[in-house]
Amino acid sequence: MKKLIAGNWKMNGSLDFIKEFADNLKNKLNETEEFDMLICPPSIYIPELANSFKNTMVKIGAEDSHFENKGAYTGDTSISMIKDFGCEYSIIGHSERREHYTETNEIVNKKAHKAIENNIIPIICVGEKLDIRENGNAVSFVKKQVEESIPENANDGNFIIAYEPVWAIGTGKIPTPDQVDEIHKSITETVKDKIGNADNLKILYGGSVKPENAKEFLSLDSVGGVLVGGASLKPDAFYEIAKASI
Ligand code: PGA
């Protein structure tokens, strides 16, 4: 299976930035790359980015999407809206949304359910905070997040899990490959217990992924790709990370 190199732009970007970014990245990419590439920009820039990468291997996704298709939810974006502009994926339950918008596993589950129902692949994010890791409870904490966040309509190929330890996001601190491997294997077992099969499950690692450390994670069999924040805003770095998957 090709590894997925996914970028999460968070609240960054501008029209000028997208033009420069897309020109630069398209110059590097060729259509026979042995990885899959995805970029998730702020929702307002989805149309511009989708247009910039039209007819290329780069897929576009959203950073979040709602559990209803329409209605009185000021400021939100629905699955049908992101689909209108060619999105194939949506990040769901990123730790920043869990933290700043108090998104619970229950809400994540509903959002993922709606995505799957509409053939959008949810990238369901899980991960422990530092105190949980230090108390030795990371595996059980993530297991519970996975159990509660995976919706009823999930099968092993229609969603992705991203393991992002909160203490590694934007900090430059990273877990050891053994720590990542331990959590990813436990996630696989949890998914198998819950839906009966995990053969096609893809689990991404995320948190301070950079060109210098990408190979450490991407060379693990349990790692199906990476979710990249800061470094996904630099075309050179993002492409180098992708190359480290081969
Ligand atoms: P980072 O962010 O690569 O900047 O640590 C990762 C993420 O939040 O998805």
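These legends walk through several close-up views of one predicted protein model.

A note before you start: residues are numbered from 1 along each chain as its sequence is written, and side-chain values use heavy atoms, with hydrogens and water left out. Because the model is predicted, local features need pLDDT of at least 70 and side-chain atom pairs count only at pLDDT 80 or more, while totals for chains, interfaces and linings use all residues.

**View 1. The whole protein, with its 10 helices and 8 strands.**
Helices (H or I, at least four residues) and strands (E, at least two) are DSSP runs, numbered from the N terminus. The C-alpha atoms fill a box of roughly 45 × 45 × 30 Å, taken along the principal axes. A compact globule of 246 residues would have a radius of gyration near 18 Å, and the protein's 17 Å agrees with that. (This radius is taken over C-alpha atoms, and the globule rule is 2.2 Å times the number of residues to the power 0.38.) Buried residues make up 52% of the 246; here buried means under 20% relative accessible area, exposed means over 50%, and partly exposed is in between, using a 1.4 Å probe and protein chains only. Contact means heavy atoms within 4.5 Å. Take the contacts between residues at least 6 apart in sequence: 72% of them join residues at least 24 apart.

**View 2. Helix α5, residues 105-117.**
How far apart are the end C-alpha atoms of α5? They are 18 Å apart, which agrees with the 18 Å that its 13 residues should span at 1.5 Å a residue. (The expected span is 1.5 Å times one less than the number of residues.) Look for the buried residues of α5: N105, V108, N109, K111, A112, K114, A115 and I116. An α-helix has 3.6 residues a turn, so residues three or four places apart point the same way. The cover over the buried residues of α5 includes α3 (79-84), β4 (89-92), α4, β5 (121-126) and α7.

**View 3. E148 and S149, side by side in helix α7 (residues 138-149).**
Is S149 buried or exposed? With 0% relative accessibility, S149 counts as buried. E148 is partly exposed, at a relative accessible area of 35%. Leaving aside neighbours within four places in sequence, E148 is in contact with N105 and N109. On the same basis, S149 is in contact with R98, N105, V108, N109, A112 and I124. One of those partners, A112, is 37 residues from S149 in sequence, yet their C-alpha atoms are 7.8 Å apart in space. For E148 and K194, the C-alpha distance is 9.8 Å, with their positions 46 residues apart in sequence.

**View 4. Three residues with a positive phi: N55, T102 and N119.**
Most residues other than glycine have a negative phi. Phi of N55 is near 60°, and N55 lies in the loop between α2 (46-52) and β3 (58-62). N55 counts as exposed because its relative accessibility is 73%. T102 has a phi near 40° and lies in the loop between α4 (95-100) and α5. T102 is exposed too, with a relative accessible area of 60%. N119 comes just after α5 and takes a phi of about 60°.

**View 5. S95 in helix α4.**
S95 has a relative accessible area of 17%, so S95 is buried. Which residues does S95 touch, not counting those up to four places away in sequence? They are V166 and I169.

**View 6. Helix α10 (residues 235-243) and its buried residues.**
Pick out P235, A237, F238, Y239, I241 and A242, which are buried in α10. What covers them includes β1 (3-8), α1 (15-28), β2 (35-40), α9 (214-218) and β8 (225-228).

**View 7. K215 in helix α9.**
K215 counts as partly exposed, at 46% relative accessibility. Not counting residues up to four places away in sequence, K215 touches A244 and I246. What separates the C-alpha atoms of K215 and S245 in space? The gap is 6.6 Å, though K215 and S245 are 30 residues apart along the chain.
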